[in-house]
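Please open the model in your viewer and keep the sequence panel beside it. The tour below proceeds by selections, each followed by a description of what is there.

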Amino acid sequence: MAEIDYSVLLLALLAGAIRVGTPFLFVSLGECLTERGGRINLGLEGILVVGAMSGYAVAYLTDSAWFGVLAAGCAGCALGAFHGVICSLPRVNDIAFGIALILLGTGLAFFFGKAFIQPQAPSLPSIELGAWSDDARVRSALSVNVLFFIGVVLAMLMHWGLRATRWGLVLRLVGDHAQSARALGYRPAVVRTLATASGGFLAGVGGAYLSLYYPGSWNEGLSSGQGLMAVALVIFARWQPLNCLWAALLFGASGAVGPALQAVGISSGYYLFAAMPYALTLLVMYLSCRPNQTLSGAPGELSLNR
């Protein structure tokens with residue numbers, strides 16, 4: 001009996017790691033792309049919420065979840081480009097403006113999203129990897145959303161692109177030494193703005209996943225700080241896209257501990273286990289950002305190194 005309970009627990013953790021970790025994956029990949037260019041975007045929380053709201057609204061109005069995902073990405077791209085342009089101005093601090101972007105994004109989402117709290121939008125499709133099983137729990141755990149597989153492919157492509165393509169090398173050069181990039185004829189402000197806009201697009205897609213699949217509705221408390229936690233996730237992943245994949249699954253599993261324990265009949269301390277992603281974020285920041293510890297792998301132009 002104990003063995004069956006442990007198998008159910010592990011299955012629930014696996015399912016939770018994928019479901020909860022998918023938005024972490026997209027947001028962290030977007031932030032990884034932004035930070036490799038030498039800029040931090042703390043406004044990902046606002047972008048995530050705007051993406052969730054706009055994706056849900058467009059999916060409801062068009063009756064197409066994929067149009068909703070595209071709209072969420074475009075909304076995130078617009079806010080990311082806004083962040084990039086403003087932070088390119090003299091004496092503008094990217095961290096301070098990122099905090100302002102959180103307030104702007106959440107305010108816009110709450111204002112325009114009130115009309116879409118009650119209506120039901122179509123959901124994103126899943127791939128039923130557990131169709132071979134007669135156990136409903138196995139089928140439910142192995143029902144994986146398509147966006148997760150897209151995120152895995154994106155992580156691999158980004159890992160390859162940053163190492164083996166010209167745009168990847170230019171982005172890394174701008175992020176490590178802007179003066180050298182200028183000497184070679186590149187414009188760091190333009191490169192960073194494009195990277196921030198692209199990162200915003202991915203963060204918006206992560207928001208669409210929240211509203212169109214898991215938990216699958218739009219409300220004002222949807223993100224639960226996942227945008228800010230993604231910044232810590234990127235530091236934990238040492239600015240490597242493939243590491244972002246594993247780190248997102250780890251953060252997702254930590255968020256799924258409470259429901260997984262409920263699946264095996266352990267309900268005491270549920271709210272304490274719900275705080276595990278936040279505790280993990282604090283632990284990652286403490287271990288990675290102590291004054292006496294070098295941030296190995298961090299782009300040289302990041303504010304963390306200044």
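A residue is called buried when its relative accessible area is under 20%, exposed when that area is over 50%, and partly exposed in between. Keep in mind throughout that this is a predicted model.

**First stop: the salt bridges**

Begin by selecting E220, which counts as partly exposed because its relative accessibility is 36%. Now add K114 to the selection; with a relative accessible area of 54%, K114 is exposed. E220 and K114 form a salt bridge in which the closest N and O atoms are 3.3 Å apart. This pair links distant parts of the chain, since E220 lies in the loop between α9 (188-212) and α10 and K114 in the loop between α4 and β1 (126-128), 106 residues apart. In general, side chains of opposite charge can pair when their charged atoms come close.

How many salt bridges does a search of the whole structure find? The search finds two, and for the other one you should select E301 and R192, whose closest N and O atoms are 3.7 Å apart. Here too the pair links distant parts of the chain, with E301 in the segment after α14 (276-288) and R192 in helix α9, 109 residues apart. Both E301 and R192 are buried.

**Second stop: helix α4**

Select residues 94-112, which make up helix α4 and, at 1.5 Å a residue, should span 27 Å; the C-alpha atoms at its ends are 26 Å apart, which agrees. Just before the helix, show the side chain of N93, which caps the N-terminal end of α4 by placing a side-chain oxygen 2.9 Å from the backbone nitrogen of I95.

Next, colour the buried residues of α4, which are D94, F97, G98, L101, I102, G105, T106 and A109. An α-helix has 3.6 residues a turn, so residues three or four places apart point the same way. The buried residues of α4 pack against α2, α3 (65-87) and α10 (226-236).

For a contrasting view of the surface, select F82, L104, L108, F111 and F112, which form a nonpolar patch with about 490 Å² of accessible area together. Helix α4 contributes the largest share of this patch, four residues, and F112 is in that helix.

**Third stop: helix α2**

From α4, move to one of its packing partners, α2. Its 19 residues, 44-62, should span 27 Å at 1.5 Å a residue, and the 26 Å between the C-alpha atoms at its ends agrees with that. Is this helix largely enclosed or largely open to the outside? Helix α2 is largely enclosed by the rest of the structure, because 15 of its 19 residues are buried. Just after α2, select D63, which takes a positive phi of about 60°.

**Fourth stop: helix α10 and the loops on either side**

Another partner of α4 is α10, which is mostly covered, with nine of its 11 residues buried. Among the buried residues of α10 are Q226, M229, L233 and I235.

In the loop between α9 and α10, select P215 and look at the peptide bond that leads to it from Y214, which is cis, with omega near 10°. The same step can take in S224, found in the loop between α9 and α10, where phi is near 55°, a positive value in a residue other than glycine. With a relative accessible area of 38%, S224 is partly exposed. As background, most residues other than glycine have a negative phi, and most peptide bonds are trans.

On the other side, R238 lies in the loop between α10 and α11, and its phi is positive, near 55°. Q240 is in the loop between α10 and α11 (241-255) and is partly exposed, with a relative accessible area of 21%. Show C32 together with Q240: they are 208 residues apart in sequence and 7.2 Å apart in space, C-alpha to C-alpha. Leaving out residues up to four places away in sequence, Q240 touches C32, R36, H159 and R163.

**Last stop: N145**

Finally, select N145 in strand β2 (residues 143-145), which counts as buried because its relative accessibility is 2%. Where does its side chain reach? The side chain of N145 reaches the backbone oxygen of P125 at 3.0 Å. Apart from neighbours within four places in sequence, N145 is in contact with L124, P125, S126, Y209 and Y213.

Conventions:
Residues numbered from 1 in each chain as written. Predicted model: local features only at pLDDT ≥ 70, side-chain atom pairs only at ≥ 80, totals over all residues. Heavy atoms only, no water. Helix = DSSP H or I, 4+ residues; strand = E, 2+ residues; numbered from the N terminus. Expected span 1.5 Å × (residues − 1). Buried < 20%, exposed > 50% of the residue type's maximum accessible area, 1.4 Å probe, protein only. Polar contact = N/O pair within 3.5 Å; in protein donor to acceptor, adjacent residues only side chain to side chain. Contact = heavy atoms within 4.5 Å. Patch = residues over 30% accessible without salt bridge, like charges linked within 9 Å, V, L, I, M, F, W, Y side chains within 5 Å. Areas by Shrake-Rupley, 256 points an atom, 1.4 Å probe, with all protein chains shown as cover. Salt bridge = Lys/Arg side-chain N within 4 Å of Asp/Glu carboxyl O.
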